[in-house]
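User: Hi! I would like to go through this structure with you, one question at a time.

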Amino acid sequence: MAEYRQLELFPDLIRKTPNDKQENKKYDEQLSKHKLKLEGFRNLNLIKDLANENGYNPIILKTVTGIIPRELIAFSKASRANLRDKIVHFYEYDYVIDRIWRNPKRYIKMLKRALAVIGPDFSIAPRFPEEVNIWSFYMIRVISHYLINNGVALIPNIPVCSPKYYNLVFDCLEEGGIYAISNVQAYNNYFSRHQWYTFVREVIRRLKPEALIIYGNRMEVAGVKTYYFYNENIISLRRGKKIS
C-alpha cells in the first residue's frame, strides 16, 4: 500500500503502456477543448494577445483624436443606417447591448463602417453588489480592446462611478484624445448631479482629454472642449412619443 502511494506521488516513475499514452492524449485533447470553451465563455479569447506566463497584461485603451462628432446613433439602430459620418453609441439598456458581449465578431464589419464607435456602457450603480460592478468594468474593457484590435475607431466610454472605483476606471485609459461620458442618470437628484460633476472633474484632471462627448442632457462643463448629444428617449418623451 505504501509503495502504491509513493508511485502516486511520483507519477514519472510509473511505466506507461501504449494504452496509457493513448488515454493521456485523449485526456489532454479533452482538457484543451474544455479550456477553449471556458475562455470563450468568459471572452478571454478576445484578449489572448495580452496573455503571458503569469496571466494577462493590463488592458490599456487608446482613443482616437481629431474627430469632430456630428451625429450619434444607437447600436440597436446601426444595422439599418448609413454609418459613414455617424458615431455609434451603446447608451442603451444592458439587455439590448448584451449581444455585443455574446457575439462581438458578428458586429465588427458593421462597426468599422462608422466614423467612430463609443465603447460599451454596461451598467454600474451603487445599489449593485461590488462583484457585479467589477464584472461590468471587465466587459467594457474587453469589448473595447477587441474593437480596437479589429480596426474599429474607438472612443472609450468612461462609466460614471463612485470614488472607490476611480483607479479601476482610469488605470486603463491614456491621457489626451476624445472620450465619452453619459449623464442620463445625473438628473435623478442633487446627489447624482454632484457625483457626476465630481467625476467629470476627475476625468479632466487625470486624462486631460482633447474633447468630451457628453450624452444625455446638456450639463455645462468648463475646462475641456465638449460635444453635447441628447438622449433619444428624452427627446421622444418630450415630443409625446413612445420609447421604442
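Analyst: Happy to help! Helices (H or I, at least four residues) and strands (E, at least two) are DSSP runs, numbered from the N terminus. This is a predicted model, in which local features need pLDDT of at least 70, side-chain atom pairs count only at pLDDT 80 or more, and totals for chains, interfaces and linings use all residues. Residues are numbered from 1 along each chain as its sequence is written, and side-chain values use heavy atoms, with hydrogens and water left out.

User: Which element gives the largest share of the lining of the largest cavity?

Analyst: On a 1 Å grid over the protein atoms alone, a cavity is a set of points where a 1.4 Å probe fits but cannot get out, and lining residues have an atom within 4 Å of a point. The residues that line the largest cavity include Phe 137, Ile 140, Arg 141, Leu 168 and Val 169. H6 and H7 are the elements that give two or more residues to this lining. The largest share, three residues, comes from H6.

User: What is the volume of that largest cavity?

Analyst: The structure holds one cavity of 30 Å³ or more. Grid points are joined across faces, edges and corners, and a volume is the space filled by probe spheres set on the points. For the largest cavity, this comes to about 70 Å³.

User: How far apart are the end C-alpha atoms of H6?

Analyst: The expected span of a helix is 1.5 Å times one less than its number of residues. The 20 residues of H6 should therefore span 28 Å, and the value found agrees: the end C-alpha atoms are 29 Å apart.

User: What covers the buried residues of H6?

Analyst: Buried means under 20% relative accessible area, with a 1.4 Å probe and protein chains only. Phe 137, Ile 140 and Arg 141 are among the buried residues of H6, and these three also line the largest cavity. Taking contact as heavy atoms within 4.5 Å, the cover includes helix H4 (94-102), helix H5 (108-111), E5, E6 and H7.

User: Which strands stand at the edges of the sheet that holds E4 and E5?

Analyst: Two strands pair if DSSP finds at least two bridges between them, and three bridges join E4 (residues 87-90) to E5 (residues 116-120). The four strands form an open parallel sheet in the order E3-E4-E5-E6. Each edge strand has a single partner, so one side of each is left without a neighbour in the sheet; these are E3 (72-74) and E6 (154-155).

User: Which residue stands opposite Ile 213?

Analyst: Ile 213 belongs with strand E8 (residues 211-216), which five bridges join to E9 in a parallel run. The open sheet here has the order E7-E8-E9. Opposite Ile 213, in E9, stands Tyr 227.

User: At about what angle to E7 does H8 run?

Analyst: Helix H8 (residues 190-207) lies across E7 and E8, and its buried residues pack against helix H7 (166-170), E7 and E8. Trp 196 and Phe 199 are among those buried residues. Axes are lines fitted to C-alpha atoms, for helices over the stretch in contact, and angles run from 0 to 180 degrees between N-to-C directions. On that scale, H8 runs to E7 at about 170 degrees.

User: Which residue with positive phi follows H8?

Analyst: H6 is followed by Gly 151, whose phi is positive, near 85 degrees. For H8, the phi is near 45 degrees, and the residue is Lys 208.

Note on methods
Buried < 20%, exposed > 50% of the residue type's maximum accessible area, 1.4 Å probe, protein only. 1 Å grid on protein atoms, 1.4 Å probe; cavity = no way out; pocket = protein on both sides within 12 Å on 5 of 7 lines; lining within 4 Å.
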